[in-house]
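Work through the exercises below with the sequence and the model side by side, and try each task before you read its solution.

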Amino acid sequence: MRFLRYRAIVSSSLRNGSSVGSSLGGLGGIHNLSHVEAAAARTPSRGLRFVATSCRAVMLPRFGGPEVLELRDNVAVPDLKPNEVLVRARAVSINPLDTRMRSGYGRSIFQPLLPLILGRDVSGEVAEVGASVRSLRVGQEVFGALHPTAVRGTYAEYAILAEDELTPKPDSITHIEASTIPFAALTAWRALKSTARIIEGQRVLIIGGGGAVGFAAVQLAVAAGCHVLTTCGGQSVQQALAAGAEQAVDYTKEDIELAIKGKFDAVLDTIGAAETERIGINFLRRGGHYMTLQGETASLADRYGLVIGLPAATAILLKKQFQYRFSHGIEYGWTYMRADSEGLNEIRLLSEAKKLHIPVDKTFPITQVREAHEAKDKRLVPGKVVLELD
């Protein structure tokens, strides 16, 4: 944090009956303030709280390689809406969506909004809450994730999320560990629990179980009592088996269609290639669900513009849904992450019980965000990368 200023706002801590001074603990101290100002901040009768109005943040001014990312001081922190929470970020993870957006994916949507802040996952402490927020309090440790289309992301000292995009961080995991979980796990949760509605005893196939979403899906399906099989690279086989998968097929060495037997109630395809789609659909029993992360909405919108691209994507999806329902008797869909308080609560409980985690391969300070993105672009780090904020 670079600057703290005070706003004459009604303190949420006052509304909850606690002192303003206790709220300042969640902001990491008030050493930059004068004694008079600090005293005013600690005086409940004045109704003043010191909040961040500007901070450091990684900005994306234009699309391109890692070199376009700029760490700037004095980036404005907007006032909170009633349902929003200001989070003092301690760790944020890098998702594939971040590097794709940086390179221009979704430019038809985001080009008019540049510069923007990348990042979806965050773990940190609550610094301020909006007027209608009731489930979280200042100073509380939380973790959560923003929607894929959010313009002000989490690569910043202060991130803003809606109340239902956050949940208390378990004491049993660190901020670094927590920052890797929500976006990937919510993506998997929406596919398996919200769409396919998997239940105990069903057979579930995860294509690409070595990635963050795929590995989260393996753990969620195992926790639901399903019989889980997955495909992954050789380096991820033991990890998948240790997480409870009954079979993990190394697609680089084995023929998936020969190695896997039987039909499945749900297939989550995190790869989304034409071949994996064909294989996944043929593995489904009638009434099953095929779900892929690789929907064509953004790519078609980028290619043809929003006016043509969005209707074209809708038409393709509807065509495939009708086609596979008629030819195979299965449900076909593109799946995306979205905020879900029920899902986030389940993810928190599983994380707390050590039944859901995403391994961290490397951490970088936020000042080395370019190096972190370069490492992901060049596949120097195969697993999760986390940016730390001091």
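**Exercise 1: Two packed helices**

The axes of helix α7 (residues 182-195) and helix α8 (residues 212-223) come within 8 Å of each other and cross at roughly 55 degrees. Here axes are lines fitted to C-alpha atoms, for helices over the stretch in contact, with angles running from 0 to 180 degrees between N-to-C directions, while helices (H or I, at least four residues) and strands (E, at least two) are DSSP runs numbered from the N terminus. This is a predicted model, in which local features need pLDDT of at least 70 and side-chain atom pairs count only at pLDDT 80 or more, whereas totals for chains, interfaces and linings use all residues. Residues are numbered from 1 along each chain as its sequence is written, and side-chain values use heavy atoms, with hydrogens and water left out.

Task: describe the orientation of α7 to α8, and the residues in their contact.

Solution. Begin with the angle: α7 is therefore oblique to α8, since angles under 35 degrees count as roughly parallel, over 145 as roughly antiparallel, 65 to 115 as roughly perpendicular and the rest as oblique. Next, list the residues: α7 contributes A184, A185, T187, A188, W189 and L192, and α8 contributes A212, V213, A216, A217, L220 and A221, where contact means heavy atoms within 4.5 Å. Finally, sort them by class, which gives eleven nonpolar residues, one polar and no charged (Ala, Val, Leu, Ile, Met, Phe, Trp, Tyr, Cys and Pro count as nonpolar, Asp, Glu, Lys and Arg as charged, and the others, Gly among them, as polar).

**Exercise 2: The nonpolar cores**

Task: state how many residues the largest nonpolar core has, and which of them have the most contacts inside it.

Solution. A nonpolar core is a set of buried Ala, Val, Leu, Ile, Met, Phe, Trp, Tyr and Cys residues joined through side-chain atoms within 4.5 Å, and buried means under 20% relative accessible area, exposed over 50%, partly exposed in between (1.4 Å probe, protein chains only). The largest such core has 94 residues, and Y155, L192, I198 and L387 have the most contacts inside it. Its largest share, eight residues, comes from α7. Looking at I198 more closely, and leaving aside neighbours within four places in sequence, we find it in contact with L192, K193, V204, A221, A224, C226 and A266. A second, separate core of 19 residues includes I207, I279, Y324 and I330.

**Exercise 3: Unusual backbone geometry**

Task: find where the cis peptide bond lies, and where R197 and R379 with their positive phi are placed.

Solution. As background, most residues other than glycine have a negative phi, and most peptide bonds are trans. The cis bond joins L114 and P115, with omega about -5 degrees, and P115 is in the loop between α5 (107-110) and β5 (116-117). R197, with a phi of about 50 degrees, is in the loop between α7 and β10 (203-207) and is exposed at 60% relative accessible area. R379, with a phi of about 60 degrees, lies in the loop between α15 (369-377) and β17 (384-388), and its relative accessibility of 74% makes it exposed.

**Exercise 4: A long-range pair**

Task: is T99 buried or exposed, and how far is its C-alpha atom from that of H373?

Solution. T99 belongs to helix α4 (residues 96-103) and counts as buried at 13% relative accessibility. Although T99 and H373 are 274 residues apart along the chain, their C-alpha atoms are separated by 6.8 Å.
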